[in-house]
Amino acid sequence: MEEINNIEVVPCTESNYLKPFRVHYNQNGTKKSWDFMRTHDSVSVLIFNTTSHCFILVKQFRPAVYMCEWEKKKTKTSQGAEKTEEGDASESQEGQSAPAEASSSPWPPASAGVTYELCAGLVDKPDLSLEEIARQEVLEECGYDVPASKLKRITSYRSGVGVTGSKQTMFYAEVSDDNCVSAGGGEPREGELIEVVKVPLHEAMTFAYDERIPKTMGVIFSFIWFHNNMSPKYKISTNV
């Protein structure tokens, strides 16, 4: 998963997943413009294994996250180079030579783009209900066969409201080891490379609030939802 090479950044002139637009409008008499992306809505699923008392998450490489980290590194490298040049000039005036710096890759390690997420997928099958799409994602990504009727709808919300405004609907699914029919891992034909990760229930809230672990807001919100709604029912601790 973390072997990333031959990176090339090119203009995106056409995409099946997002389309950029600029909207002009008047708001309270003021003329305004806004750039946004049209994207698909999506579903996500908080999966809890009642056999092992753990949450099932997915771990995968996200190019968008990686490129954000690359931008940060590029900025720091540029600022560092400017300071080095200033230092070299100063030392040169004093008749001293600055030590040569070891060359480094302009790209951050691949791990910079890896995130922990809920099982999720795009709403791009008009003939299927949200529950049926969520069921397919659970099966493909995590390997659990769960009837659509067993999926509990938690809520829906807007994500990326400043850029996309797409809606994500979150579900909750309880599974057991008996429901596991494959190793999961996603659909290779769609370019997915997913690692299934188990988070023990007693470590859930520590995991959620650990800023060193890259994760989506969906993971944090869903763990809090479980703590508030499911933990009292099962009389189990989420280590809060």
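Reader: Which residue is the bridge partner of valine 23 in E2?
Author: Strands E1 (residues 18–27) and E2 (residues 30–39) pair in the antiparallel sense over 10 bridges. Two strands count as paired if DSSP finds at least two bridges between them. Helices (H or I, at least four residues) and strands (E, at least two) are DSSP runs, numbered from the N terminus. Across this pairing, the E2 partner of valine 23 is tryptophan 34.

Reader: What kind of model is this?
Author: Residues are numbered from 1 along each chain as its sequence is written, and side-chain values use heavy atoms, with hydrogens and water left out. Local features need pLDDT of at least 70, side-chain atom pairs count only at pLDDT 80 or more, totals for chains, interfaces and linings use all residues, and the model is predicted.

Reader: How many helices and strands does the protein have?
Author: Read along the sequence, the elements follow the pattern β-β-β-β-α-β-β-α-β-β-β-α-α-α. In that pattern α stands for a helix and β for a strand. The count is five helices and nine strands.

Reader: What share of the residues is buried?
Author: Buried means under 20% relative accessible area, exposed means over 50%, and partly exposed lies in between (1.4 Å probe, protein chains only). The protein has 240 residues, and the share of them that counts as buried is 31%.

Reader: What share of the exposed area do carbon and sulfur atoms supply?
Author: Accessible areas come from the Shrake-Rupley method with a 1.4 Å probe, and for residues only the protein chains shown count as cover. The protein exposes about 15,400 Å². Of this area, carbon and sulfur atoms supply 51%.

Reader: What phi does asparagine 28 take in the hairpin of E1 and E2?
Author: Most residues other than glycine have a negative phi. Asparagine 28 sits in the loop between E1 and E2, and this hairpin has two residues between the strands. The residue is exposed, because its relative accessibility is 79%. Its phi is positive, near 55°.

Reader: Which residue in the loop between E3 and E4 is the one with a positive phi near 50°?
Author: The loop runs between strand E3 (42–49) and strand E4 (54–61). The residue counts as partly exposed, at 36% relative accessibility. With a phi near 50° in a residue other than glycine, it is histidine 53.

Reader: How far apart are the closest N and O atoms of arginine 22 and aspartate 35?
Author: A salt bridge is a side-chain nitrogen of Lys or Arg within 4 Å of a carboxyl oxygen of Asp or Glu, and the structure holds six. Arginine 22 lies in strand E1 and aspartate 35 in strand E2, so the pair ties together parts that are 13 residues apart in sequence. Arginine 22 is exposed, with a relative accessible area of 56%, while aspartate 35 is partly exposed at 43%. Their closest N and O atoms form a salt bridge at 2.6 Å.

Reader: Which residue meets arginine 135 in a salt bridge?
Author: The N to O distance of this pair is 2.7 Å. Arginine 135 lies in helix H2 and its partner in the loop between H2 and strand E7 (152–159), so the pair ties together parts that are 10 residues apart in sequence. Arginine 135 is partly exposed at 27% relative accessibility, and the partner is partly exposed at 31%. The partner is aspartate 145.

Reader: What is the nearest side chain of opposite charge to glutamate 137?
Author: Glutamate 137 lies in helix H2 (residues 130–142) and is buried yet has no salt bridge. Lys and Arg count as positive and Asp and Glu as negative, while His and the chain ends are not counted. Leaving aside neighbours within four places in sequence, glutamate 137 is in contact (heavy atoms within 4.5 Å) with Cys119, Ala120, Gly121 and Cys142. At 4.6 Å, the nearest side chain of opposite charge is lysine 125.

Reader: Which residue forms a salt bridge with lysine 125?
Author: Lysine 125 is partly exposed, at 26% relative accessibility. Its partner is also partly exposed, at 38%. With the closest N and O atoms 3.4 Å apart, the partner is aspartate 124.

Reader: What area does the nonpolar surface patch of Tyr17, Leu18 and Leu122 have?
Author: Patches are made of residues with over 30% relative accessible area and no salt bridge: like charges are joined within 9 Å, nonpolar side chains (Val, Leu, Ile, Met, Phe, Trp, Tyr) within 5 Å. Leucine 18, in strand E1, is partly exposed at 32%. The patch area is about 270 Å².
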